[in-house]
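Trainee: Could we go through this one together? I'd like to start with how the parts meet.

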Amino acid sequence: MIEFLTLLQVLDSSLRLATPLLLVCLAGLFSERAGIFDIGLEGKLLAAAFVSAAFASLTGSVWLGLSAGILASIMLSLLHGLASITLRGDQIISGVAINFLAAGLTVVVAQDLFGQGGRTPPLKSGGRFEPINFPGSTSSKEINDAGPLMQLYSELVSGHSLLVYIALLTVPLSWFVLYKTRYGLRLRAVGENPAAVDTAGISVVGLRYSAVILGGILCGIAGAYIATSLQANFTKDMSAGRGFIALAALIFAKWRPWHALGACLLFGFFFALDNRFQNILLPAWAISGLLLLIALSLISYVWKKDYLDKVVLGGLALGILSIAIMVITSVSDSGANSQVKIPVVFVQSLPYVLTVVVLAGFVGKAIPPRAGGQPYVKER
Amino acid sequence: MDVMPKWVDIIVVPLISLFIAAFLSALLIVAIGESPRDALSLMIEGTLLRSAGWGYMLYYTTNFIFTGLAVSVAFHAALFNIGGEGQAMMGGLGVALVCLFIPWPHWTFAIIGASFGAALFGMIWAGLPAYLQAKRGSHIVITTIMFNFLAAGVLIFFVVDVLKPKGSMDPASANFPPTTHLPTFEDLAGILGFEKAFRSAPANVSFFIALLACLAVWYLIWRSPLGYEIRALGKSGPAARYAGVRPVKIIMIAMMISGALCGMMAINTTQGESERLILNFTEGAGFIGIAVALMGRSHPLGVLLAALLFGFLYQGGAELALWTKIPRELIVVIQALVILFTGALSLMVRAPLESFFVSLQKAKG
């Protein structure tokens, strides 16, 4: 059985890994709720991470770093806005370009400024967000002897950097702004039916720019968090696909703030699991049973569907079935209670699988804002 | 639509976009403290003035032709295949399985088998998102991004847990048998009597397959009924449906062709160059395909030219990284700028040109 403290430590690191996802996810939420798809979240996160680490390193102040990171992220947001709102270009292409721009520029500039192969030097104490220890929490040395409640308080509640708490606060804040203010109502309307908003005499362009800029601010905070708190310097491509995972979480959460928190914590938990445990062992009967269940439900689903469904989903079911049979045959000689090692990459891939399943609409269909991705052209 | 003459639309607009990208990159080089002119001459020297430079350039070009064509075919059906990277990874897996487990007598047979393996795996990997788009309405951009990550997971699993030889520490499959090795340009030049040409450059016969693919895509899109249906669906969904085009079928076919082309990139990288399955062999070529397709206006000839340009930039970028303080990532910036100006900001380039031609027409009549 896993010890309580170990569980707490995994949850603690889940929270830390979920924080950048959450901020970026909410950034995407504002942007997409206003009808602007944002594939460029990854690029904004990376750019903000570099700029905040570079400023924190050069000035020694983490607050200057944070502000500069936010500013850099907003600049990229404005570029996205210029391309997709003002010039009515393709939002996806603009996002892709922003990702490459950030991936290239950060390394080129980092190499020029610091000459360390695209990294910034390690940040000294003033240039980092330090963990905040709440009053009464025990130090890490004594935590083994403390009671369970004290362990929970010291490990999970206390001891995070300021930005973690800010990220958690942005969830109710975003919910309030989106659902309880006039601005939020208009924002959601502009993502569903911009023509109606325009008819009411409200600026579609202004609303969309404001949403994109809000997203820029949130991505900026997230970038500063990964470079000055989660790690203590910038390294090449350090965003590591978090922008895309946040996008996945956004779909998983169906564009709602509280659900975004849940989705990001879940995805953070997957990453924490595979950071903590190199090998995850599960009983063979559970795995093969689960796979068989999925395969059989797929087959029963396609039974009365048309030819294409049968080929694609039936083929998928056959693939899953054959994996299940492989699992059973590989352990059949070592008894019924034998365990199977789950490859680490499968745990890492879970967020993407879950997102595809949700997108496919087999379990609770995710429907994006209706006007998303289309530039608004005013009628003349 | 017909404000501008066709040649302006096809030639001048991409060229202006390219010049803006080049100008901004030159500013960046100046900011780093190097001379853009020296950088350009170094790139030309290391790429076009040495046969080995050509050999590297055409190696990259081969990859970019495949991925560029793939993105183009999807564009014609108004689909954005951002999953070229994942489809190419799966193609590599297909190539590896075909080369490792089938005893090929000669490379000419092996390359046909490997092409089928690569195309099949890429096709399957593009087929699932296509199915989800066609039948379930899931946005293909998001699903193909997710499938990129999933492909990376599958590739790591196969390389590390299945295909890696026992006792090896390297995350790579066993070497492919010698009968599957493709002749490089160096070998071909040797046969023709040029002993010292293309020395140790990775370009190989799959370049010619890429050229054939250009022809095939041209025929498919502009000369075949299927291509007509693809373009009709891409231009206007309702009109195509009214004319009897079945969107589900066309979306599936267009994406599967796209995935097959991406997968076939692996015969160049995996069978031709590394001769075993390694991680990260795609090196972002799936994404560069987007820039190539945009720059080449989704036409095979344009894709070929744009792929040559990007091949030049990649080999030139490697030279710059070797001899100056300009890192390789400068090429990524140029690539981003090309995508930005040919794709997202194209109106910025087109609008002034269009108004110029409108005023020209008014002056005439």
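Mentor: Let us fix a term first: buried area is the accessible area, taken with a 1.4 Å probe, that two parts lose on being put together, summed over both. Please also keep in mind that this is a predicted model.

Trainee: Okay, so how much area do chain B and chain A bury between them?

Mentor: Chain B and chain A bury about 4100 Å² between them, and 81% of that area is on carbon and sulfur atoms. In terms of contacts, 45 residues of chain B touch 48 residues of chain A.

Trainee: Which three residues of chain B supply more of that area than any other three?

Mentor: Those are B:Tyr131, B:Arg136 and B:Met146, which together supply 15% of the area that chain B buries against chain A.

Trainee: And how many salt bridges are there between chain B and chain A?

Mentor: The count is three salt bridges. One pair of side chains that meet in a salt bridge is B:Lys135 and A:Asp309, with 3.4 Å from N to O.

Trainee: Switching to domains, how is chain B divided?

Mentor: Chain B has a domain 1 made of two segments, 1-34 and 325-365, and a domain 2 that covers 57-314. The contact between them takes 13 residues from domain 1 of chain B and 11 residues from domain 2 of chain B. Their centres, taken over C-alpha atoms, are separated by 28 Å.

Trainee: What do those two domains of chain B bury between them?

Mentor: They bury about 1100 Å², with 68% of it on carbon and sulfur atoms. On the side of domain 1 of chain B, the residues B:Arg328, B:Ile331 and B:Gln335 supply 39% of the area buried against domain 2 of chain B, more than any other three residues. Across this interface the rule finds zero salt bridges.

Trainee: What about the domains of chain A?

Mentor: The assignment for chain A gives domain 1 as 4-276 and domain 2 as 280-342, and 37 Å separate the centres of these two domains, again taken over C-alpha atoms.

Trainee: Last topic: which residues make the nonpolar surface patch?

Mentor: The patch, of about 500 Å², is made by A:Phe4, A:Leu7, A:Leu11, A:Leu149, A:Leu152 and A:Val157. Helix H1 (4-33) and helix H5 (148-157) of chain A are the elements that give two or more residues to the patch.

Trainee: Why can A:Phe4 count towards it?

Mentor: A:Phe4, which lies in helix H1 of chain A, is partly exposed with a relative accessible area of 39%, and patches are made of residues with over 30%.

Definitions and conventions
Residues numbered from 1 in each chain as written. Chains lettered and ligands numbered in written order. Predicted model: local features only at pLDDT ≥ 70, side-chain atom pairs only at ≥ 80, totals over all residues. Heavy atoms only, no water. Patch = residues over 30% accessible without salt bridge, like charges linked within 9 Å, V, L, I, M, F, W, Y side chains within 5 Å. Areas by Shrake-Rupley, 256 points an atom, 1.4 Å probe, with all protein chains shown as cover. Salt bridge = Lys/Arg side-chain N within 4 Å of Asp/Glu carboxyl O. Helix = DSSP H or I, 4+ residues; strand = E, 2+ residues; numbered from the N terminus. Buried < 20%, exposed > 50% of the residue type's maximum accessible area, 1.4 Å probe, protein only. Domains from an automatic or database assignment. Contact = heavy atoms within 4.5 Å.
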